[in-house]
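Work through these short exercises with the structure open. Try each task before you read its solution.

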Amino acid sequence: MNKRLKKEDVNLLQGLVLTALFFEGRSDLSPSSLAEQFKTSRGNMSHILSHLEYKGWVKRVLDPKDARKFFIELKPEGKKKALTLIKVYDQIQNHFEKELGSAACQKAASMILKLADTGATIF
């Protein structure tokens, strides 16, 4: 999986953040809210967003109501990359289902979600 994502110049979490921004379709997501959603630190999210911004896929936009805050907006190139990543994730899922079987994949995903709900650190 990492080898395939490396071809797209992202790691797993960077790609997931980019695709989440695509699916949300909103321009009012803050780095703090993204960190909370992905259960990571604000520092880690800042690092992720800096990488995505350096690649030209997202931009930081100041909050017009509060100059101390900013939001993350997906740029057109970021939308293209997100669409590519969606296909990559679909291929990865198909590979896992082919190798492990659909039921085993669903069971593993369910277990990971249960662990995440308890606040356990998975990785």
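Two strands count as paired if DSSP finds at least two bridges between them. Keep in mind that this is a predicted model.

**Exercise 1. The strands**

Task: Find the sense in which strand 1 and strand 2 pair, and how many bridges they share.

Solution:
- Start with the bridges. Six of them link strand 1 and strand 2, and the sense is antiparallel.
- Check this against the cut-off of at least two bridges.
- Now look at the connection. Two residues lie between strand 1 and strand 2, and the strands form a hairpin.
- Pick one bridge. Lys59 has Glu73 in strand 2 as its partner.

**Exercise 2. Helix 4**

Task: Compare the span of helix 4 with the expected value. Then work out how its buried residues are arranged around the axis.

Solution:
- Helix 4 covers residues 42-54, which is 13 residues.
- At 1.5 Å a residue, 18 Å is expected, and the distance from first to last C-alpha is 18 Å.
- List the buried residues of helix 4: Met45, Ile48, Leu49 and Leu52.
- Look down the axis. The buried residues of helix 4 fall within an arc of 95°, so they line one face.
- Turn to the other side of helix 4. Gly43, His47 and Tyr54 are exposed there.
- Ask what the buried residues pack against. The partners are helix 2, helix 3 (31-37), strand 1 (58-63) and strand 2.
- Step past the end of helix 4. Gly56 takes a positive phi of about 85° just after it.

**Exercise 3. Helix 5**

Task: Test whether the length of helix 5 agrees with its residue count, then find what covers its buried residues.

Solution:
- Helix 5 runs over residues 76-100 and has 25 residues.
- The expected span at 1.5 Å a residue is 36 Å; the end C-alpha atoms are 36 Å apart, so the two agree.
- Buried in helix 5 are Gly78, Lys81, Ala82, Leu85, Val88, Tyr89 and Ile92.
- Their cover includes helix 1 (2-7), helix 2 and strand 2 (66-74).
- Just after helix 5, Gly101 has a positive phi of about 95°.

**Exercise 4. Glu8**

Task: Decide whether Glu8 is buried or exposed, and name its contacts.

Solution:
- Locate Glu8 in the loop between helix 1 and helix 2.
- Its relative accessible area is 11%, so Glu8 is buried, as the cut-off is under 20%.
- The side chains of Glu8 and Arg4 make a polar contact of 2.9 Å.
- Set aside neighbours within four places in sequence. Glu8 then contacts Trp57, Lys81, Thr84, Leu85 and Val88.
- Link this to helix 5: Lys81, Leu85 and Val88 are among its buried residues.

**Exercise 5. Helix 2**

Task: Describe the surroundings of Leu21, then classify the aromatic pair of Phe22 and Phe23.

Solution:
- Leu21 sits in helix 2 (residues 12-24).
- Leu21 has 3% relative accessibility, so it counts as buried.
- Beyond residues up to four places away in sequence, Leu21 touches Leu29, Leu34, Val58, Ile72 and Leu74.
- Turn to the rings. The structure holds one aromatic pair.
- The ring centres of Phe22 and Phe23 are 5.5 Å apart and the planes meet at 75°, so the pair is edge-to-face.
- Compare accessibility. Phe22 is partly exposed at 26% relative accessible area, whereas Phe23 is exposed at 60%.

Key:
Residues are numbered from 1 along each chain as its sequence is written. This is a predicted model: local features need pLDDT of at least 70, side-chain atom pairs count only at pLDDT 80 or more; totals for chains, interfaces and linings use all residues. Side-chain values use heavy atoms; hydrogens and water are left out. Helices (H or I, at least four residues) and strands (E, at least two) are DSSP runs, numbered from the N terminus. Buried means under 20% relative accessible area, exposed over 50%, partly exposed in between (1.4 Å probe, protein chains only). Contact means heavy atoms within 4.5 Å. The expected span of a helix is 1.5 Å times one less than its number of residues. A polar contact is a pair of N or O atoms within 3.5 Å; within protein, one must be able to donate a hydrogen and the other to accept it, and residues adjacent in sequence count only if both atoms are side-chain atoms. Rings of Phe, Tyr and Trp (its six-membered ring) pair if their centres lie within 6.5 Å; planes under 30 degrees apart count as stacked, over 60 as edge-to-face and the rest as tilted. The arc is that of the directions from the helix axis to the C-beta atoms.
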